[in-house]
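Subject: Structure handover

Dear colleague,

I am passing on the structure we spoke about, with the sequence alongside it. Please open it first, and then read the notes beneath.

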Amino acid sequence: MRVPTAIAVTSADLVLPAPDRHTPGAALLHPPEQVDLESALAGTAALLERHGHLVALVPPWLPRSTVQRLHTVRAILETDRIALLGIDLPPLGTALLARQLRQLSVCDFSPGVIASAARLLSHYIYAGALLGSVAKLDRVRVPVGLGAHARSWSPSAQFAVMAHPKPHLAKLGAGGGSKAGAHGAHGSRGALLPAGPEFATHLTFARGQLASDWVTAELAPAWQVQGVLENPLPAMSPGWWGTPKLVEFAAGIPDLSVLYQLVASVRREECRWCGLELIGDRCGFCAAPLTAPPPQASAARSRP
């Protein structure tokens with residue numbers, strides 16, 4: 001029986017429950033403060049021995065020491081069977097993407113296709129949060145005006161924020177209505193809500209230190225999601241969003257057959273560097289682009 005490609009994350013709170021009994025769990029690659037290098041090498045080698053290939057999500061918000069450990073393990077093992085994917089999603093969105101890759105790992109896709117599919121699937125994840133403050137939100141690439149910064153000092157302030165796929169910020173009024181925003185969708189009260197997906201999704205949310213039912217009472221019906229799941233808040237979420245007063249949410253495609261068709265519809269190529277199959281324009285394992293740069297571009301870079 002074929003053993004699925006291992007899908008790895010760096011903490012247990014990024015492992016969402018499996019949607020069915022066929023979806024495998026995620027492998028955990030522990031940070032250096034939890035596991036020494038020798039144990040990390042042994043554990044990763046065992047994963048490769050069992051699964052053949054390992055696909056790990058490496059978002060930019062991970063601690064530098066954790067990222068360095070992952071690259072060190074791959075370098076010492078001298079293997080090209082570990083893919084370290086730099087996917088830029090918030091913590092709950094990253095967990096949702098990892099679950100989708102776990103679902104696909106039991107299909108008849110090669111490890112190279114599964115790794116390069118991560119970039120494709122990330123475009124179909126809608127990730128955001130309800131925040132009690134946006135004073136420290138600028139660093140996650142959601143524009144925050146001076147007015148929103150000033151309103152953040154109000155004890156009752158709440159903001160609907162989308163980080164992916166398009167930035168969105170709206171100040172919520174009493175009862176969950178929004179007073180301002182951009183690229184939104186109108187909810188049942190005429191409020192401007194973040195624009196949602198135009199395809200069937202399930203919504204996963206996680207509560208921080210903010211008491212609000214806005215995500216389930218307002219956002220989920222407006223987005224017409226097919227299901228809602230509550231999950232514990234990832235430990236890195238307060239730091240990513242700049243406040244512990246939040247309710248994080250992420251919506252994505254739940255149906256394996258739809259995920260399969262989405263990936264299978266993309267033309268497969270062979271990586272010119274490592275020879276693995278890929279979809280898109282870059283190999284997930286060696287990061288080589290699908291096509292070589294033009295000769296004139298290479299020559300221009302070599303000039304002093």
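What follows is a description of the chain as a whole, then of its sheets and one of its helices, and lastly of its aromatic pairs.

Please keep in mind throughout that this is a predicted model. The protein chain has nine helices and 14 strands, and of its 304 residues 48% count as buried. Among the contacts in the protein chain with a separation of 6 or more, 70% are accounted for by residues 24 or more positions apart. The exposed area of the protein chain is about 14,600 Å², of which carbon and sulfur atoms supply 54%.

I turn next to the open sheet, which is formed by four strands in the order E2-E1-E3-E4 with parallel pairing. E2 and E4 stand at its edges and have a single partner strand each, so one side of each is left without a neighbour in the sheet. The parallel pairing of E3 and E4 extends over four bridges, and in one of the places where a partner can be named, leucine 54 has isoleucine 82 in E4 as its bridge partner.

Helix H1 (residues 37-51) is connected with this region, since its buried residues pack against strand E2 (27-28), strand E3 (54-57), helix H2 (64-77) and strand E4 (82-85). The geometry of H1 is as expected: at 1.5 Å a residue, its 15 residues should span 21 Å, and the end C-alpha atoms are 21 Å apart, which agrees. The buried residues in H1 include Ala40, Leu41, Thr44, Leu47 and Leu48; seen down the helix axis, the buried residues of H1 fall within an arc of 130°, so they line one face of the helix. Glu38, Glu49 and Arg50, by contrast, are exposed on the other side of H1. The residue that follows H1 is glycine 52, whose phi is positive, near 90°.

Strand E12 deserves a separate look. Seven of its seven residues are buried, so E12 is largely enclosed by the rest of the structure. Leu246, Glu248, Ala250 and Gly252 point one way from the strand, while Val247, Phe249 and Ala251 point the other way, and all of them are buried. E12 runs antiparallel to strand E5 (residues 126-131), to which six bridges join it, and in this connection the bridge partner of leucine 130 is valine 247 in E12. Six bridges also join E12 to strand E10 (residues 202-207), again in the antiparallel sense, with leucine 203 standing opposite alanine 251 in E12.

Strand E7 (residues 168-171) is likewise covered on both faces, with His168 and Ala170 on one side and Leu169 and Lys171 on the other, all buried. E7 is joined by four bridges to strand E6 (residues 159-164), and the two run antiparallel; phenylalanine 159 has lysine 171 in E7 as its bridge partner. Three residues lie between E6 and E7 in the hairpin that they form.

Which aromatic pairs does a search of the whole structure find? There are seven such pairs, and I describe two of them here. In the pair of phenylalanine 109 and tyrosine 260, the ring centres are 4.7 Å apart and the planes are at 25°, under the 30 degrees that count as stacked, so the pair is stacked. This pair links distant parts of the chain, 151 residues apart: phenylalanine 109 lies in the loop between helix H3 (91-104) and helix H4 (111-122), and tyrosine 260 lies in helix H8 (residues 256-264). Phenylalanine 109 is buried, with a relative accessible area of 2%, whereas tyrosine 260 is partly exposed, with a relative accessible area of 24%.

The pair of tryptophan 214 and phenylalanine 249 has its ring centres 6.3 Å apart and its planes at 55°, so the pair is tilted. Tryptophan 214 belongs to helix H6 (residues 214-223) and phenylalanine 249 to strand E12 (residues 246-252), so that distant parts of the chain, 35 residues apart, are linked. Both tryptophan 214 and phenylalanine 249 are buried, and both belong to a cluster in which ring pairs link Tyr124, Tyr126, Phe199, Trp214, Trp223 and Phe249.

With kind regards

How values were computed. Residues numbered from 1 in each chain as written. Predicted model: local features only at pLDDT ≥ 70, side-chain atom pairs only at ≥ 80, totals over all residues. Heavy atoms only, no water. Phe/Tyr/Trp six-rings, centres within 6.5 Å; stacked < 30°, edge-to-face > 60°. Buried < 20%, exposed > 50% of the residue type's maximum accessible area, 1.4 Å probe, protein only. Expected span 1.5 Å × (residues − 1). Arc of directions from axis to C-beta. Contact = heavy atoms within 4.5 Å. Areas by Shrake-Rupley, 256 points an atom, 1.4 Å probe, with all protein chains shown as cover. Pairing = 2+ DSSP bridges.
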